[in-house]
Amino acid sequence: MACGGRGGTGTGTGWSSLPADLLLSVFALLPSDAARVRFRAVCAGWAAAAAAWRPGPWLIGSCTDRSGRAAGAMSSFWLAPVGRLLPFAANVPAGMEYLASSSHGYLALSDPRASPKAITLLNPVSGSRVRLPPIAFFRKWLDLTSVVLSADPCAAADWAALVVGFPTTCLAYYSSATGAWARLDFGAAGYAGAECFRGRFYVAFKHQICCVCEAVDGDVAAIIPLENVDAGGDSDGSDDDKLPVTGRRVLETHLVECGGDLLLVSVHDDVVYNSDDDVMGGIAVDHGGGKGGAGGDARTVEVHRVEWWSGDHEMRLVRKLDLGSNALFLGRNRAFALSPAEFPMCRANCVYLVDRQGHPDGLVRVLDMGTQWTRRDEVICPDDGLRGLSSAGWVRRGWFFPKY
């Protein structure tokens, strides 16, 4: 549709002169992302009106059995203004396998028929694709859990990618300047969080935060641990999985940029461990109760703001008891923050946590940071596990924020 329409652009009666609020109402009613992309391409006025639209985050999943063989099926939901997750068909090419949600509006996919396997970055809204070379040193392709980008590969001249695997014994660093992957030994086994903050990659495991220093003048990129100035030299570098204040076991670690700050977010079970009473680390006190959902499956979230000290490699962790006017979306392969002022479908001071990663009936908990009680548990498609073997499950679920 031409932007001038009947009467041309100079008469004030053409399509380009339609009020912005009317254009935005039409844009929000379009049935697909492909239609929204065409809408934005009509003219500058339509693109400006569409830019005011605030999409809800998506929840993307891939069906995989316990042996790691993908069934080729995908699930996709979007967080609607009513606050519920509603299923929809994401624009993902048939035959592509979902690996992880990435930053800057890209999904990390792979072709299960290709050998060796490689990552394809896909913007499911615009259809833009970026193919990356294979990562030869990842032992199992199922190990890939997170892809973080420094910039939009289709818009930036120079950009980099950091890929995290499970267990996180090594990271993969890609630079568009070299066009190759470099292995970075990390040495921690578990789910690590990664984020690109102020142009630099950071990775965290439990309470240790490391900076990924880019390659300079032919040198290999390196991982530099940040010194916590509050540690007082008490840290012995051991693999301690207990929070120093609560004594609860850390299950996941996330790094999230929020309001100009870098947050260290820890997800742990709501069980207190006392190694003095039980050298095997048994349960001393269970505070689960009604918190975090049914049964003994309770979760608690702790948030610390990273406060930079003198130099780039010194910091301290400042406990945050609430998120203010923000909401956190946590998944093992992607974490981000949104403001309910801009995205009204979100609840302020709440954490949207993807849980039960290995269960067929995956769960999203909406956890209130003020009370640490779950406002709502939402089961995601409990019949998905019945479509194939009983051992099947949507093990690769992750939050994704689309870029239009």
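This is a short viewer tour of a predicted model, moving from the whole protein to single residues.

Local features here need pLDDT of at least 70 and side-chain atom pairs count only at pLDDT 80 or more, while totals for chains, interfaces and linings use all residues. Residues are numbered from 1 along each chain as its sequence is written, and side-chain values use heavy atoms, with hydrogens and water left out.

**Whole protein**

Start with everything shown. The secondary structure comes to three helices and 27 strands; these are DSSP runs numbered from the N terminus, helices being H or I of at least four residues and strands E of at least two. Of the 404 residues, 49% are buried (buried means under 20% relative accessible area, exposed over 50%, partly exposed in between, with a 1.4 Å probe and protein chains only). Turn on the surface, and about 18,300 Å² is exposed, 52% of it supplied by carbon and sulfur atoms (areas come from the Shrake-Rupley method with a 1.4 Å probe).

**Strands 4 to 7**

Now select 97–101 and 129–131. These are strand 4 and strand 7, the edge strands, each pairing on one side only, in an open, antiparallel sheet of four strands ordered 4-5-6-7. Two strands pair if DSSP finds at least two bridges between them. Add residues 107–110 to see strand 5, which is joined to strand 4 by four antiparallel bridges. Zoom in on S101 and you will find its bridge partner, L107, in strand 5.

Stay in this region and pick S115 and P116. The peptide bond joining them is cis, with omega about -5 degrees. P116 sits in the loop between strand 5 and strand 6 (120–122).

**Strands 10 and 11**

Next, select residues 170–175 and 180–185. Here strand 10 and strand 11 run antiparallel, joined by six bridges. Look across from Y174 and you meet W181 in strand 11. The hairpin has four residues between its strands, and G179 takes a positive phi near 70 degrees there.

**Two loop residues with positive phi**

Most residues other than glycine have a negative phi. Which way does R198 go? Its phi is positive, about 55 degrees, although R198 is not a glycine. Find R198 in the loop between strand 12 (193–197) and strand 13 (200–205), where R198 is exposed, at 63% relative accessible area.

Finish at N349, in the loop between strand 23 (334–338) and strand 24 (350–355). N349 has a positive phi of about 60 degrees and is not a glycine. Is N349 buried or exposed? N349 is buried, with a relative accessible area of 15%.
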